[in-house]
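Let's take a walk through this structure together, starting with the overall picture and then moving inward. Keep the view open as you read, and turn it whenever a new residue comes up.

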Amino acid sequence: MSIPQTQMRREVLEIPLAVDRLLQNGEDAISRAADAVRTRKPAFMVSVARGSSDHVATYLKYCSELLMGTPIASIGPSVASIYNRKLALDGSVCLSVSQSGKSPDIVQMAKMARAGGALSIAMTNQPDSPLAQVADHTLDLHAGPELSVAATKTFVNSAVAGIWLLAEWARDDALRSAIRGLPDALEKAVNNDWPEVRAALGGRSSIYCLGRGPSYAISNEAALKFKETCQIHAESYSSAEVLHGPVSIIDGGFPVIALASNDQAEDALASVADEVAAKGANVFATSSKVRAATALPATRTGHALTDPIALIASFYAMVEQTAAARGINPDAPRHLKKVTETV
């Protein structure tokens with residue numbers, strides 16, 4: 001008997017098309033926002049987001065700091081919504097990321113940031129949402145409807161919209177070219193679903209996810225998805241932190257997935273992956289530089305800053321099948337709903 005395809009699986013397979021749709025329809029909005037950022041010449045930026053969207057913000061933090069040398073600080077939305085405080089943000093840029101653009105705390109924080117002097121840019125899949133209405137610029141994600149509770153294509157399109165904004169601000173032709181090539185790379189990535197990891201998980205109930213630099217944001221998203229779709233207790237660590245204490249709970253066969261991009265952090269991440277494997281963990285890494293850990297095939301995109309986007313696409317394909325193998329419907333995780341509105 002054939003197993004019905006989940007909505008999550010359909011949406012993961014739609015990721016290349018969703019990104020292509022963004023690239024075809026989002027250029028004008030991206031260009032206008034990039035021009036405004038360039039004119040502003042911000043000494044710093046801030047981000048406002050929760051959940052998967054906050055992992056996008058972490059990815060953009062690293063990308064901005066590596067590409068432009070401009071730091072991005074994450075602001076807790078409760079500063080505005082619960083504590084009713086105002087921040088001095090004159091001359092900065094505020095990036096608000098939300099699939100629905102409806103959560104009151106995100107909207108309130110974005111509104112406060114604009115009132116505090118920030119140029120406000122909203123990234124949302126709902127361009128007529130309350131968040132869009134309080135922004136100076138709105139970047140429509142063009143991801144199309146996402147029905148599964150687990151965010152996949154909206155996460156990817158948020159990351160692409162954000163890195164595209166940075167590429168246009170920087171006028172970086174190499175990064176622009178890699179972004180334009182993402183649909184083809186992602187077509188390969190969503191069909192590279194790491195059966196080795198699925199087999200190793202077995203009946204395990206805990207896992208570590210590791211990353212470094214921009215891929216640390218992907219590690220955060222991976223840990224959330226393990227919990228959300230598979231009911232696996234997953235924790236995300238920078239590979240620079242995992243040996244400082246968390247490694248002590250590792251026992252024989254403890255699963256670890258290390259998400260490495262083809263960048264300057266790859267050697268350090270591969271070294272930690274091997275060290276953890278030597279302690280008895282069952283470690284998988286998206287790097288050919290590991291020796292004790294198991295190397296996973298990774299789709300590369302031609303640029304270190306876009307590699308993490310392909311990594312998460314392969315991860316989504318893998319985690320959906322992991323959930324299904326455990327008899328869990330990833331489209332409707334227990335206790336969760338598609339849009340969570342917090343104050």
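## A guided tour of the fold

Before we set off, please bear in mind that this is a predicted model. The protein chain is built from 14 helices and ten strands. Its radius of gyration is 19 Å, close to the 20 Å that the globule rule gives for 343 residues, so the chain is as compact as a globular protein of that length. Along the principal axes, the C-alpha trace spans about 55 × 45 × 40 Å. Of the 343 residues, 57% count as buried. The chain exposes about 13,700 Å², and carbon and sulfur atoms supply 49% of that area. If you look at contacts between residues at least 6 apart in sequence, 77% of them join residues at least 24 apart.

Now let's step inside. The largest nonpolar core has 75 residues, and those with the most contacts inside it are V156, L186, F226, I257 and F315. Apart from it lies another core, of 21 residues, with L210, V276, V283 and V290 among them. V156 is a good residue to centre on: leaving aside neighbours within four places in sequence, V156 is in contact with I15, V19, L186, I309, I312 and Y316.

One of those contacts, L186, brings us to helix α10, which covers residues 182-189. Which residues of this helix are buried? They are L182, P183, A185, L186 and A189. These residues cover an arc of only 160° around the axis, which puts them on the same side of α10. On the other side of α10, D184 and K188 are exposed. What covers the buried residues includes α2 (15-25), α8 (153-170), α9 (173-180) and α14 (307-325).

Helix α8 also takes part in our next stop, the salt bridges, of which the count comes to 14. K153 forms one with E14, and the closest N and O atoms are 2.7 Å apart. K153 lies in helix α8 and E14 in the loop between α1 (7-13) and α2, so this pair ties together parts that are 139 residues apart in sequence. The two partners make an interesting pair to inspect: K153 counts as buried at 2% relative accessibility, whereas E14, at 30%, counts as partly exposed.

For a salt bridge within one helix, turn to D35 and R38, whose closest N and O atoms are 2.8 Å apart. Both residues lie in helix α3 (residues 27-40), three residues apart, about one turn of the helix. An α-helix has 3.6 residues a turn, so residues three or four places apart point the same way. D35 is partly exposed, with a relative accessible area of 40%.

D267 and K289 form another salt bridge, with 2.9 Å between the closest N and O atoms. D267 lies in helix α13 (residues 266-278) and K289 in the loop between β9 (282-285) and β10 (294-295), so the pair ties together parts that are 22 residues apart in sequence. D267 counts as partly exposed at 48% relative accessibility, and K289 counts as partly exposed at 37%. Salt bridges that share partners also join E168, D173 and R176 into one network.

Our last stop is A200, in helix α11 (residues 195-201). Not counting residues up to four places away in sequence, A200 touches N282 and F284. The C-alpha atoms of A200 and P255 are separated by 7.2 Å, although these residues are 55 residues apart along the chain.

Conventions
Residues are numbered from 1 along each chain as its sequence is written. This is a predicted model: local features need pLDDT of at least 70, side-chain atom pairs count only at pLDDT 80 or more; totals for chains, interfaces and linings use all residues. Side-chain values use heavy atoms; hydrogens and water are left out. Buried means under 20% relative accessible area, exposed over 50%, partly exposed in between (1.4 Å probe, protein chains only). Helices (H or I, at least four residues) and strands (E, at least two) are DSSP runs, numbered from the N terminus. The arc is that of the directions from the helix axis to the C-beta atoms. Contact means heavy atoms within 4.5 Å. A nonpolar core is a set of buried Ala, Val, Leu, Ile, Met, Phe, Trp, Tyr and Cys residues joined through side-chain atoms within 4.5 Å. A salt bridge is a side-chain nitrogen of Lys or Arg within 4 Å of a carboxyl oxygen of Asp or Glu. The radius of gyration is taken over C-alpha atoms; the globule rule is 2.2 Å times the number of residues to the power 0.38. Accessible areas come from the Shrake-Rupley method with a 1.4 Å probe; for residues, only the protein chains shown count as cover.
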